[in-house]
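Please read the following points beside the sequence and the model. They take up two strand residues, the surroundings of the ligand, and one helix.

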Amino acid sequence: MRTVEEHARVIAALLGPTPAALIPLAAADGLVLADDLVANIDLPPFANSAMDGYAVRSVDVANLPVTLPVSQDIPAGRTDTAPLAAGTAARIMTGAPLPDGADVIVQVERTDGGAERVRIDSAPAAGVHVRTRGEDVTSGSVVLRAGTVIGPQQIGVAAALGFAELSLRRPLRVLVLSTGSELVEPGKPLGPGQIYESNAPMLAAGMSAIGAHVTVEHFVADDVDALRAVLAQAAAEHDLVVTSGGVSAGAYEVVKDALTGHGIEFAKVAMQPGMPQGAGRYAVGDRSVPIVTLPGNPVSSYVSFEVFLRPAIRAAMGHPDITRPTITAPLTTALTSPVGKRQFRRGHVDTVAGTVAPWGGPGSHLLAWLAGADCMFVVPEDVDHLDAGDEVEVWLLS
Ligand code: AMP
Ligand code: MG
């Protein structure tokens, strides 16, 4: 049997880093910057007002109150601002360019708000409420380093600097393929002996959430030729194929039957759930595509995604931290676990008490319990029993 770490290394080694690509800002959220982002303008690009009010020379408001003629009106966006004549005020709006000669903004609240002439009752010190050119970013400086994870704030500064697209590690293109002749697409009528297909939508959502581009191919029938035909087509357009089902010890194990001897190694991994696993490169003509074969039981499939695929996909897409956040917490109740296997149990964290409760049993078909869990916790290989109060490693899933 393989250890969890051994199988994780096999899967990680299948996925090289995705190349850099220019990606529009609207699709950048969650992706990782491939190159330093260097500003090619200043921010602000010109000196402007931080307030609605009046731009004046500070010498003209040294003795207060004072009434000054309003020599011009400067809304935001105005491009033909004249220098400020001495002894006058310019009515100015937030974000409008500061006229040459002005060095302070008097907020409208400190004045009578006049349009022809304005009475100024009090004034701030020189420089106040003026946003100077380049005070946030100077042209030529590195604003975001390569390796930065792009989120809303990073998209904001990139847009402010005028970038419509960013050089990002492009999303991994994944084909998710569920196998099993018993599977029916949700929304269709369920016949005798059939179950609804749940792995592909679940896995696709997990991968989309970390920025991968996922295509789903539902339930290739348990037919070796049909599966190989789908794979041959998929190889050209995907960086990874993930299958579910058809890898356990029974007969009609279509994934095993189709891929054994074709570059995929099937192995037992010392974990529960998720023991039957496979991975390798499937050769199609002169190219090959990485394939990871997950077990069909829904909870096994999901746990395998969390343990192997999620970190590998995040690493391939350049994420600096690839694992879930973990905490250590005491168990609320005792439990047992098979010796020789690392058990990944579904759990629920009580953030007030700081404890973790097992959520459902270890059964790998208990999907509703999986849906109610907010974490997984780990029972090590050499442990057969834990008592209430024993500490476990908890992977926070939400
Ligand atoms: P298998 O690995 O194909 O033998 O499947 C193991 C168990 O998981 C069986 O009970 C299957 O019906 C179930 N199963 C396999 N694939 C899926 C799927 N995509 N959605 C829901 N259940 C599945
Ligand atoms: Mg099956």
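1. Helices (H or I, at least four residues) and strands (E, at least two) are DSSP runs, numbered from the N terminus. In that numbering Ser167 belongs to strand β11, which spans residues 165-169. The model is a predicted one, in which local features need pLDDT of at least 70 and side-chain atom pairs count only at pLDDT 80 or more, while totals for chains, interfaces and linings use all residues. Residues are numbered from 1 along each chain as its sequence is written, chains are lettered from A and ligands numbered from 1 in the order in which they are written, and side-chain values use heavy atoms, with hydrogens and water left out.

2. Ser167 has a relative accessible area of 19% and therefore counts as buried, a term that means under 20% relative accessible area, with exposed being over 50% and partly exposed in between (1.4 Å probe, protein chains only). Its side chain makes a polar contact of 2.6 Å with the side chain of Asp35. A polar contact here is a pair of N or O atoms within 3.5 Å; within protein, one must be able to donate a hydrogen and the other to accept it, and residues adjacent in sequence count only if both atoms are side-chain atoms.

3. Is Val379, in strand β25 (residues 375-379), buried or exposed? Val379 is buried, because its relative accessible area is 0%. From Gly250 this residue is separated by 129 residues in sequence and by 28 Å in space, C-alpha to C-alpha.

4. Around ligand 1 there are 17 residues, of which Glu182, Glu197, Ser198, Gly246 and Gly296 come nearest; a residue is near a molecule if one of its heavy atoms lies within 4 Å of it. Strands β12 (173-179) and β14 (195-196) each supply at least two residues of this shell.

5. Which atoms of ligand 1 lie 2.7 Å from a polar side-chain atom of Glu197 and 3.0 Å from a polar backbone atom of Ser198? In the case of Glu197 the partner is a nitrogen atom of the ligand, and for Ser198 a nitrogen atom is likewise involved. An oxygen atom of ligand 1 is 3.2 Å from a polar backbone atom of Gly296. Of the 480 Å² of accessible area that ligand 1 has on its own, the protein covers 78% (Shrake-Rupley method, 1.4 Å probe).

6. Helix α6 (residues 298-316) has 18 of its 19 residues buried, and Gly318, which follows the helix, has a positive phi, near 85 degrees.
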